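Q: Could you take me through one part of this model at close range, and then show me how it sits among the rest? I would enjoy a connected account rather than a list.

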Amino acid sequence: MKESRVSVYAALAANAAITVTKFIAAAVSGSTALFSEGIHSIVYTSDSLLLLLGLVLSKRGPSKEHPYGQGLQVYFWTLVVAMSIFGMGGGVSIYEGVLHIATPHAIEGAGWAYGVLAASFVFEGISLLVSWRSFRKTRRGLGVWEGIRRAKDPTTFVVVLEDGAALIGLTVAALGLTGATRLGMPWADGAASVLIGVLLISVAIVLGRETWSLLLGEAANEDLVKSVRDIARNQPGIVTANAPITMHFGPDHVHVDLEVQVDPKLTAGELVKTTQELEEKIRERHHVVWRVWLHFVEG
């Protein structure tokens, strides 16, 4: 979770640093694409705050109302982030872009706009570098899309998606501004805003799909499942064990249901000792495992 916080803090700092500047430049130049970029930054700044809220709330331990803790908070707030990107980001950008295409107007003060875009590109690039390093550590050699699909902590890839989309959006905004100011196509600025909106909606769909799957309850990765089964099979007093059923109740909270067949010669005391040792070994090897439920089956 430490890596998640670092990338979120970096994104928050980058977006907060450029949001106001984008809106000032949009007001001076009259660029709709730059206005969309301002909305883009507001959404991402608020999203970073929501992600931090989710990370903090997910650390709450078990209670009477929530016996498994509140690890799912981070998934819920990430889904809220996806919806805000879809509606506030993508929807508003497309709406503003369509209005500008319908009634195009000349862009003034283009120098301000280019300067802000250049500065934003630098800030977003730094944020992407930080988030990419964090994401690379968590995906452990997997491809980018496979790493996103198998990630159990969505904050590790949310910032990567947002920063990547931000850099593409800035490039699109620059192209639209160039078309409007240099090529005599005032509608190009509005078209760039529409493309930025489509980009944001695409990011929201990917993020929403992955987060929704986590909220429904995803199993732990195959390596953990195989490891738990092997630990059980190598435990003295255990005859055999089936592959466990697992579920993530948060990025660092895995519940394990394990079916085992025990040696019928064990006494009651030996059985208790065997099961306690087994659970301790599993939790020592995998710190994300919070609880192990054992089910005894006959041979």
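**A close look at Gln70 and its surroundings**

A: Happy to. Gln70 lies in the loop that runs between H2 and H3. Please keep in mind that this is a predicted model. Although Gln70 belongs to a loop, it counts as buried, with a relative accessibility of 12%; the cut-off for that label is under 20%. Its side chain makes a polar contact with the side chain of Gln73, at 2.7 Å. Once neighbours within four places in sequence are left aside, Gln70 is in contact with Leu57, Ser58 and Arg60. There is also a link across the sequence: Gln70 and Gly250 are 180 residues apart along the chain, yet their C-alpha atoms are 7.5 Å apart in space.

From the loop we can move on to helix H3, where His100 is found. His100 is buried too, at 3% relative accessibility. The side chain of His100 reaches the backbone oxygen of Pro186, at a distance of 3.0 Å. Pro186 is also one of the residues that His100 touches when those up to four places away in sequence are not counted; the others are Thr32, His105, Trp187, Asp189 and Gly190.

Next comes the nonpolar interior. In soluble globular proteins, nonpolar side chains tend to be buried together. Here, the largest nonpolar core has 47 residues, and those with the most contacts inside it are Tyr44, Ile85, Phe157 and Leu207. At least two residues of this core come from each of the helices H1 (2-29), H2 (32-57), H3 (73-102), H4 (110-139), H6 (155-181) and H7 (187-217). H6 gives the most, with 13 residues. Leu207 offers a good view of how the pieces meet: leaving aside neighbours within four places in sequence, it is in contact with Thr78, Val81, Ala82, Ile85, Phe157 and Val158. A second core, separate from the one just described, has 16 residues, including Ala220, Leu224, Ala241 and Val260.

Charged pairs complete the tour. Side chains of opposite charge can pair when their charged atoms come close. The structure holds 7 salt bridges, and one of them joins the side chains of Arg209 and Glu210, with 3.1 Å from N to O. The two partners differ in their surroundings: Arg209 is exposed, at 54% relative accessible area, whereas Glu210 counts as buried, at 9%.

Another salt bridge brings together the side chains of Asp230 and Lys226, again described from N to O, at 3.1 Å. These two residues are 4 apart in helix H8 (residues 222-233), so about one helical turn separates them. Asp230 counts as partly exposed, at 27% relative accessibility, and Lys226 is likewise partly exposed, at 46%. Asp230 has a further partner in Arg229, with the closest N and O atoms 3.7 Å apart. Arg229 is partly exposed as well, with a relative accessible area of 22%. Through shared partners, these salt bridges join Lys226, Arg229 and Asp230 into one network.

To return to where we began, Gln70 is a buried residue in the loop between H2 and H3, with a side-chain polar contact to Gln73.

Note on methods
Residues numbered from 1 in each chain as written. Predicted model: local features only at pLDDT ≥ 70, side-chain atom pairs only at ≥ 80, totals over all residues. Heavy atoms only, no water. Salt bridge = Lys/Arg side-chain N within 4 Å of Asp/Glu carboxyl O. Buried < 20%, exposed > 50% of the residue type's maximum accessible area, 1.4 Å probe, protein only. Core = buried A, V, L, I, M, F, W, Y, C linked by side-chain atoms within 4.5 Å. Contact = heavy atoms within 4.5 Å. Polar contact = N/O pair within 3.5 Å; in protein donor to acceptor, adjacent residues only side chain to side chain.
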